[in-house]
Amino acid sequence: MKTFHNEYLAPYTSLRVGGPAETLIIAESYADTVTALSSLSKPAHIMGYGANCLVSDQGLDGTTVLLRGGTVNVEGTTLTADAGIWWDTAIQTAIQHGLWGLELMSEIPSSVGNAVVGNIAAYGQQASDTLLWIDVFDQKQKEVRRIKKDQVTFGYRESSLQKQLELVVLRAAFQLSMLRTVELKYDSAITIGEELGLDHTTLAHCRDIIIETRRRAGSIWHPNEPTDLHTAGSFFKNPMVSEKQARELAHFDETGATLERVINQSKIHGGNAQRASAAHVLLAAGFHRGQRWDRVELHPSHILKLATLDGASAQEVYDVAMEIVQTVKSKLDIDLETEVKFLGTFNKKC
Ligand SMILES: Cc1cc2nc3c(=O)[nH]c(=O)nc-3n(C[C@H](O)[C@H](O)[C@H](O)COP(=O)(O)OP(=O)(O)OC[C@H]3O[C@@H](n4cnc5c(N)ncnc54)[C@H](O)[C@@H]3O)c2cc1C
């Protein structure tokens, strides 16, 4: 366990902005996390690898606990991983044991903890699909308890745990399978597999195809590797729209796919027929790739990724995000929700 005072959080996040934590504890194991949380008189701010949060320039008061480290175990077809384990380490372990069920989520930058809390998803698989149970630390009761999957509600990029801020996930168990459970149906990934001569019906090749597809989409990020691209992945969730709007927005697709195909891809992404692609929504509202606001831009190839440029502040990112939300509401009457979590305080423009 490492403890720091007035430690800047920007380097601990993928957006690379944000002020200091009054006290920062890096918990490197399950035991570290329990020891740290048990000793605090007030609930802590919790983070994993900082790949989905925007920390305020004012920083965070009290204690912030980062869960980074732990162990992964496989017994039969059950994989158990501590919350601070890098998600892809858990997936690599599953694949080494010939276990299916997580492979389509390879290289999503995440801790195991927030993989469950945020119900991460990609290419037709979501973390909750194979979840069995989680161990949590209750910051109010100061106790560890086990919660079974059916005691948690999961939805598209969300879970009921996000409303139970006192609960910190410590460990998660997944029921995997020796047989393939989800078929890869995502067009761009299938095409890349064909191009590389890889067979997506085998476990190792399936992972390779996903990693290459993510690499080409600029969707790979590792906490300790320097990169010029500072994003939090897709900043906005795919919004719920009427069926009529979904069909209208599908016209903004630029892949040449049929309307039915575009709507179907939205389902594969973990949505349903009435979830429009947030990328199509931004295009329909008049935003464009590479659009720049001083030191924040929409990624030149991926409109949903807000990227910070040198010297950007968290408030600038917040302002751009709010401008997008308000413009989408006023032009299209669609409520856009951020996928990224805001930590600390931000100035709201009237
Ligand atoms: C390049 C890039 C690509 C991405 N691609 C995808 C994708 O394909 N699919 C997808 O679903 N997401 C994607 N994301 C988003 C990101 O990977 C996920 O949201 C991930 O779960 C973030 O995990 P984290 O540990 O970094 O969370 P953090 O950013 O550290 O934390 C976010 C919030 O999670 C909560 N939290 C974290 N750990 C715990 C815990 N142990 N217990 C309770 N609460 C906790 C806290 O409230 C915290 O504020 C992408 C992000 C990036 C940067």
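Where is N119 found?

**View 1. N119 sits in a loop and has an unusual sign of phi for its residue type.** This is a predicted model, like every view that follows. N119 belongs to the loop that runs between helix 3 and strand 8. Look at its backbone: phi is near 45°, a positive value in a residue other than glycine. Most residues other than glycine have a negative phi. Is N119 buried or exposed? It has 23 C-beta neighbours inside 10 Å, so N119 counts as buried.

**View 2. E107 also has a positive phi.** Here we move to the loop between helix 2 and helix 3, where E107 has its place. Its phi is about 65°, and E107 is not a glycine. How many other C-beta atoms lie within 10 Å of E107? There are 21, and the cut-off for "buried" is 20 or more, so E107 is buried.

**View 3. The ligand has a shell of 33 residues around it.** Which of them come nearest? Those are G48, N52, G113, I120 and G233. Several elements each supply at least two residues of the shell: strand 3 (45-47), helix 3 (112-117), strand 8 (121-122), strand 14 (167-175) and strand 18 (341-343). Helix 3 gives the most, with four residues. Sort the shell by residue type and you get 19 nonpolar, twelve polar and two charged.

**View 4. The ligand lies between two domains.** The domain assignment of the protein gives domain 1 (2-67), domain 2 (72-175) and domain 3 (243-343). Why do we say the ligand lies between domain 1 and domain 2? Both of these domains give residues to the shell around it, so that is where it lies. As for domain 3, its centre and the centre of domain 2 are separated by 27 Å, taken over C-alpha atoms.

**View 5. H5 is an exposed residue in a strand.** Find strand 1 (residues 2-8), and you'll find H5 in it. H5 has just 9 C-beta neighbours inside 10 Å, so it counts as exposed. Now look for L24: this residue is 19 residues away from H5 along the chain, yet 6.2 Å separate their C-alpha atoms.

**View 6. Helix 5 keeps its buried residues on the same side.** Those buried residues are C206, R207, I209, I210 and T213. They cover an arc of only 160° around the axis, which puts them on the same side of helix 5. What covers them? Helix 2 (87-96) and helix 4 (187-196) are included. You can check the length too: at 1.5 Å a residue, the 14 residues of helix 5 (residues 203-216) should span 20 Å, and the end C-alpha atoms are 20 Å apart, which agrees. After the helix comes G218, with a positive phi near 70°.

**View 7. Helix 9 has a buried side and exposed residues on the other.** Helix 9 (residues 314-332) has 19 residues and reaches 27 Å from its first C-alpha to its last, close to the 27 Å expected. Its buried residues are A314, V317, Y318, V320, A321, I324, V328 and L332. They cover an arc of only 165° around the axis, which puts them on the same side of helix 9. Which residues are exposed on the other side? Look for Q326, S330 and K331. The cover over the buried residues includes strand 4 (53-55), helix 8 (278-284) and strand 18, among others. Helix 9 is followed by D333, whose phi is positive, near 55°.

Note on methods:
Residues numbered from 1 in each chain as written. Predicted model: local features only at pLDDT ≥ 70, side-chain atom pairs only at ≥ 80, totals over all residues. Near = placed C-beta within 6 Å. Nonpolar A, V, L, I, M, F, W, Y, C, P; charged D, E, K, R; others polar. Domains from an automatic or database assignment. Buried ≥ 20, exposed ≤ 12 C-beta atoms within 10 Å, placed from the backbone. Expected span 1.5 Å × (residues − 1). Arc of directions from axis to C-beta. Contact = placed C-beta atoms within 7 Å.
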